[in-house]
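Me: Please take a close look at one part of this model for me, the salt bridges and the strands that carry them. I'd like one connected story, with the cut-offs spelled out as you go.

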Amino acid sequence: MAIPIEGETIQIHSYKHNGRIHRVWQETMVLKGTKNIFIGANERTLVTESDGRTWLTREPSICYFHAEHWFNIICMLREDGVYYYCNMSSPFVFDNNAIKYIDYDLDIKVFPDMTYTLLDEDEYEQHKKEMGYPEVIDKILKRNVTKLISWIKQKRGPFAPDFIEVWTNRYSFNKEMQSNEKQG
């Protein structure tokens with residue numbers, strides 16, 4: 001399996017259970033890439049929705065994906081603190097210069113004070129029926145919601161106090177290196 005290389009720019013592709021594309025992030029810089037973990041960053045990147053609509057992300061973000069967990073975490077760096085948007089999803093694969101995963105509707109939004117809200121339960125139930133999510137997927141996702149909430153409460157992974165500082169510093173360093181290479 002190919003592994004994303006630090007400093008490269010890749011895309012992120014989100015699919016739905018039925019195999020249809022859901023959303024594409026055009027450019028994300030690789031900060032760490034192994035067979036199990038991907039950490040990337042983007043800022044004002046073009047996002048294309050399944051219906052063709054496009055928009056630009058508003059703030060710098062650090063993205064965390066794991067090949068063994070059924071969630072990914074987007075850390076959005078805003079003036080009033082870090083907001084986390086956690087997608088319940090399949091583990092990622094890296095294919096054709098893109099991180100790819102299946103989005104399973106349920107999301108957890110975490111605020112700078114580490115309070116959180118589970119979102120889109122109605123959408124999950126609707127898509128579970130429409131797309132026929134198997135019972136095993138339902139159980140895995142519910143187990144992973146519990147795991148993710150424990151990470152939030154224990155400040156593990158991307159919720160750890162030094163995570164953002166470490167990866168924003170790496171992002172700044174990589175951007176500077178790219179800028180220096182362009183200037184020759």
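Reply: Let's fix the main term: a salt bridge here is a side-chain nitrogen of Lys or Arg within 4 Å of a carboxyl oxygen of Asp or Glu. The model is predicted, and local features need pLDDT of at least 70, side-chain atom pairs count only at pLDDT 80 or more, while totals for chains, interfaces and linings use all residues. Residues are numbered from 1 along each chain as its sequence is written, and side-chain values use heavy atoms, with hydrogens and water left out.

The structure holds ten salt bridges. The one I'd start with joins aspartate 103 to lysine 16, whose closest N and O atoms are 2.9 Å apart. Aspartate 103 lies in strand S10 and lysine 16 in the loop between strand S1 (9-15) and strand S2 (21-33), so this pair ties together parts that are 87 residues apart in sequence. (Strands are DSSP runs of E, at least two residues, and helices are runs of H or I, at least four, all numbered from the N terminus.) Aspartate 103 is buried, with a relative accessible area of 5%, and lysine 16 is buried as well, at 7%. Buried means under 20% relative accessible area, exposed over 50%, and partly exposed in between, with a 1.4 Å probe and protein chains only.

What else is linked to this pair? Aspartate 105 is, since Lys16, Asp103 and Asp105 are linked in a network of salt bridges. Aspartate 105 is found in strand S10, and with a relative accessibility of 2% it counts as buried. Its backbone is worth a look too: aspartate 105 has a positive phi of about 70° although it is not a glycine. Further along, methionine 114 is another non-glycine residue with a positive phi, near 75°. Methionine 114 sits in the loop between S10 and strand S11 (116-119), and this residue is buried, with a relative accessible area of 17%.

Now for the neighbours of S10. Strand S10 (residues 98-110) pairs with S8 in the antiparallel sense over five bridges; two strands pair if DSSP finds at least two bridges between them. In this pairing, serine 89 stands opposite aspartate 103 in S10, the aspartate that bridges to lysine 16. Strand S8 (residues 81-89) is mostly covered, with seven of its nine residues buried. On the S7 side, strand S7 (residues 71-78) and S8 pair in the antiparallel sense over eight bridges. Those two strands form a hairpin with two residues between them, and cysteine 75 stands opposite tyrosine 84 in S8.

Two further salt bridges complete the tour. Lysine 100 pairs with aspartate 95, the closest N and O atoms being 3.0 Å apart. Lysine 100 is buried, with a relative accessible area of 15%, whereas aspartate 95 is partly exposed at 39%. Elsewhere, the side chains of glutamate 49 and arginine 23 meet in a salt bridge (2.9 Å, N to O). That pair links distant parts of the chain, with glutamate 49 in strand S4 (residues 46-49) and arginine 23 in strand S2, 26 residues apart. Glutamate 49 counts as buried at 11% relative accessibility, while arginine 23 is partly exposed, with a relative accessible area of 23%.
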